[in-house]
Amino acid sequence: QVRLVESGGGLVPAGGSLRLSCAASGSIFPIDVMGWYRQAPGKQRELVAAISSGGSTNYADAVKVRFTISRDNAKNAVYLQMSSLKPDDTAVYLCNAVAVGTLGGRYVYWGQGTQVTVSS
């Protein structure tokens with residue numbers, strides 16, 4: 001049973017910073033991509049940032065420059081440093097991990113989410 005445990009959400013004023021952490025455990029296959037998605041009330045879930053096991057990153061245009069994703073492969077952990085936060089960043093942030101099986105099958109896992117609220 002793969003488990004993703006997130007931490008680091010909270011309430012922060014506009015312009016502030018937060019750091020989200022996520023640790024994956026229980027995967028019998030290597031984890032390739034890890035990332036963060038977010039979902040605000042009434043909106044679709046959207047990719048915030050992702051990072052491959054090799055360190056390649058991908059960011060949503062809305063967070064480029066302000067957010068930085070990093071990863072510790074040895075710990076199967078991913079981090080999201082968020083700076084210059086805006087009220088529009090308010091959402092539930094969900095950790096995502098994609099493991100690759102021996103035959104190339106991809107297994108997608110989700111954390112339960114952590115709330116980030118940015119006050120104006």
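K64 comes out as partly exposed, with a relative accessible area of 43%; here buried means under 20% relative accessible area, exposed means over 50%, and partly exposed is anything in between (1.4 Å probe, protein chains only). The partner of K64 is D61: their side chains meet in a salt bridge at 3.2 Å, N to O. D61 itself is exposed, at 64% relative accessible area. A salt bridge is counted when a side-chain nitrogen of Lys or Arg lies within 4 Å of a carboxyl oxygen of Asp or Glu. The idea behind it is simple: side chains of opposite charge can pair when their charged atoms come close.

This is a predicted model, in which local features need pLDDT of at least 70 and side-chain atom pairs count only at pLDDT 80 or more, while totals for chains, interfaces and linings use all residues. Residues are numbered from 1 along each chain as its sequence is written, and side-chain values use heavy atoms, with hydrogens and water left out.

Back to the charged pairs: the structure holds five salt bridges. One of them brings together the side chains of D89 and R38, at 2.9 Å from N to O. D89 sits in the loop between strand 8 and strand 9, and R38 belongs to strand 4, so this bridge ties together parts that are 51 residues apart in sequence. Strands (E, at least two residues) are DSSP runs, numbered from the N terminus, and so are helices (H or I, at least four residues). Buried or exposed, where does D89 fall? With 2% relative accessibility, D89 counts as buried, and R38 is buried as well, at 7%. R38 and D89 also belong to a wider network of salt bridges that takes in E46 and R66.

Another salt bridge joins the side chains of R106 and D32, at 3.4 Å from N to O. Again distant parts of the chain are linked, as R106 is in strand 10 and D32 in strand 4, 74 residues apart. D32 is partly exposed, with a relative accessibility of 22%. Just before strand 10 (106-110), in the loop that follows strand 9, comes G105. G105 is partly exposed too, at 30% relative accessibility. Setting aside residues up to four places away in sequence, G105 touches A99 and V100, where contact means heavy atoms within 4.5 Å.

Next, the strands themselves. Strand 4 and strand 5 run antiparallel and are joined by five bridges; two strands pair if DSSP finds at least two bridges between them. They form a hairpin with six residues between them, and in the turn G42 has a positive phi of about 80°. Strand 5 also runs antiparallel to strand 6 (residues 57-59), this time with three bridges. That hairpin has five residues between the strands, and G55 takes a positive phi near 100°. A50 is a handy residue for following the pairing: A50 in strand 5 is the bridge partner of G35, and A50 also has N58 in strand 6 as a bridge partner.

The largest nonpolar core has 29 residues, and W36, L80, M82 and Y93 touch the most other members. A nonpolar core is a set of buried Ala, Val, Leu, Ile, Met, Phe, Trp, Tyr and Cys residues joined through side-chain atoms within 4.5 Å. Which strand gives the most to this core? Strand 9 does, with five residues. Leaving aside neighbours within four places in sequence, Y93 has a long list of contacts, including W36, L80, M82 and T114.

T114 lies in strand 11 and is buried, at 12% relative accessibility. A polar atom of the T114 side chain lies 3.3 Å from the backbone nitrogen of G9. Beyond four places in sequence, the contacts of T114 include E6, L20 and Y93.

Finally, there is one disulfide in the structure. C22 and C95 are joined, with an S to S distance of 2.0 Å; the cut-off for a disulfide is a pair of cysteine sulfur atoms within 2.5 Å. The torsion about the S-S bond is about -85°, so this disulfide is left-handed. C22 is in strand 3 and C95 in strand 9, which puts the linked parts 73 residues apart. Both C22 and C95 are buried.

How values were computed: Polar contact = N/O pair within 3.5 Å; in protein donor to acceptor, adjacent residues only side chain to side chain.
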